[in-house]
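Reader: I am new to this structure and should be grateful for a close look at one pair of helices. Please place that pair within the whole chain as well.

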Amino acid sequence: MKSVTPVPASRSLRSTVFMAILSVLILAPAWAERPKIGLVLGGGGARGAAHIGVLKIIERERIPIDYIAGTSMGAIVGALYASGKSPAEIEEIVNSINWLDALNDKGPRNEHSIRSKKNDAEFAISMEVGFNNGKFQLPTGLLQGQRMEILLRRLLIDTSQVRQFDDLPIPFRAVATNLVTMQPVVFDDGDLTIAVRASMSVPGGFEPVRHEGMILVDGGIVNNVPVDVARAMGADVLIVVDVRTPLSAAGDLDSVGAVLNQIINGLMNAETDEEIVTLTSDDIYVLPDLRDLGATDFTHAYSAIGWGEEAALTHLDQLQRLSLSHSDYAAHVAARPAQVKALPTIDEIDINHKSPGTRESVGKLLAWQEGKILDLNQLEGNISSIYSEGTFSTIQYEMVTDNNRTKLNIELKDKPWGPTILKAALRVSDNFEGELNP
């Protein structure tokens, strides 16, 4: 048996302490991991452009974002950032959008049929009445959101093959409201464009999104600043951007619209306050001063970007505590999943509609695309031309890849209020002196 020389107790204790300290120093990077940071972007219409300004400061300060949860306009900006677009690119997008076209289902006039152009020339505003299930019905939204959905799909085309939102460069969630149950619906998979479109479907303004048996509207109705969603994703620290519309003063409550808006904003703000009180001292709450910018004033949305930067800078000390070194931040960004930038070749086209005649006619119109690289401009033009005939509520397209084959799915949705039997229209003229004459 090998003999062992006894070690003095004092030396043994010193050796144990030394090894313990050495182990801590060596293993520290493994266990002293940085906190996971969640970004929460609230709804607020045009006021949501302030999110872009906050993102610009976040990137300037090299703050790694691990999770994003957004509602309504926050879902739009959040999805764009989560998909890999930079704040500068998102700013350029917002500033370049023709909002009159984006918020007009008919789109550019040069894409309309001759009949549609004639109607447009005669009438400025129209409201359809349908007949369905033995009764007269009206649309449930002023807009069907056709142009907006086409725009969103183009902006998010790089994510067309992503089905799980955790597989985006930054894991993402969009919040909508199930109108039947009045409960939040958190999208974490599926079609990203549909998720965003549902999240920003303002009741009355846009037709609700019918998806998987649900009727979905703007998530702001039940969760306008989804703090709880980001927490559930795994965030340790939150950066929360609240672009709520403040309540109006008594003197401004002078119309039915103003009163209804006050009620809606009051309920939404009260719900948001319940989320905000759950924040801890480690979280960062950004409430930009957006002056008198209205939620629907998209033509001046660019102003909110600078105001968002201003608001973020008031929290600079807190934000800088989350900053990484240049090398660590570069490594963090490089580790994000990359998105396929090249447009796919379309191997097959599938037309989804109950009418064989419609499937055949639309299939012939789109036959040029089969076997070729996707041509977005021509596809959008064809869809706009079909839509302008006024037969369908929306025409959606989606690309699905399976076994290295990409299928282009086209879904034509009939108007849920039934075939149009009456179109009430208003002719408007302008005397060029600031007066409109019906």
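Author: The account below begins with the whole chain and then turns to the helix pair and to one further residue. This is a predicted model, in which local features need pLDDT of at least 70 and side-chain atom pairs count only at pLDDT 80 or more, while totals for chains, interfaces and linings use all residues. Residues are numbered from 1 along each chain as its sequence is written, and side-chain values use heavy atoms, with hydrogens and water left out.

The protein chain contains 16 helices and 18 strands; these are DSSP runs, helices being H or I with at least four residues and strands E with at least two, numbered from the N terminus. Of its 438 residues, 45% count as buried, that is, under 20% relative accessible area with a 1.4 Å probe, protein chains only.

The axes of helix H3 (residues 73–82) and helix H8 (residues 192–199) come within 8 Å and cross at roughly 155 degrees. Axes are lines fitted to C-alpha atoms, for helices over the stretch in contact, and angles run from 0 to 180 degrees between N-to-C directions. The crossing makes H3 roughly antiparallel to H8, a term for angles over 145 degrees. Ala75, Ile76 and Ala79 of H3 meet Leu192, Val196 and Ser199 of H8, where contact means heavy atoms within 4.5 Å.

Arg153 lies in helix H7 (residues 146–155). Arg153 is buried, with a relative accessible area of 8%. Leaving aside residues up to four places away in sequence, Arg153 touches Asp191, Thr193, Ile194, Tyr397 and Glu398.

Conventions: Parallel < 35°, antiparallel > 145°, perpendicular 65-115°, else oblique. Buried < 20%, exposed > 50% of the residue type's maximum accessible area, 1.4 Å probe, protein only.
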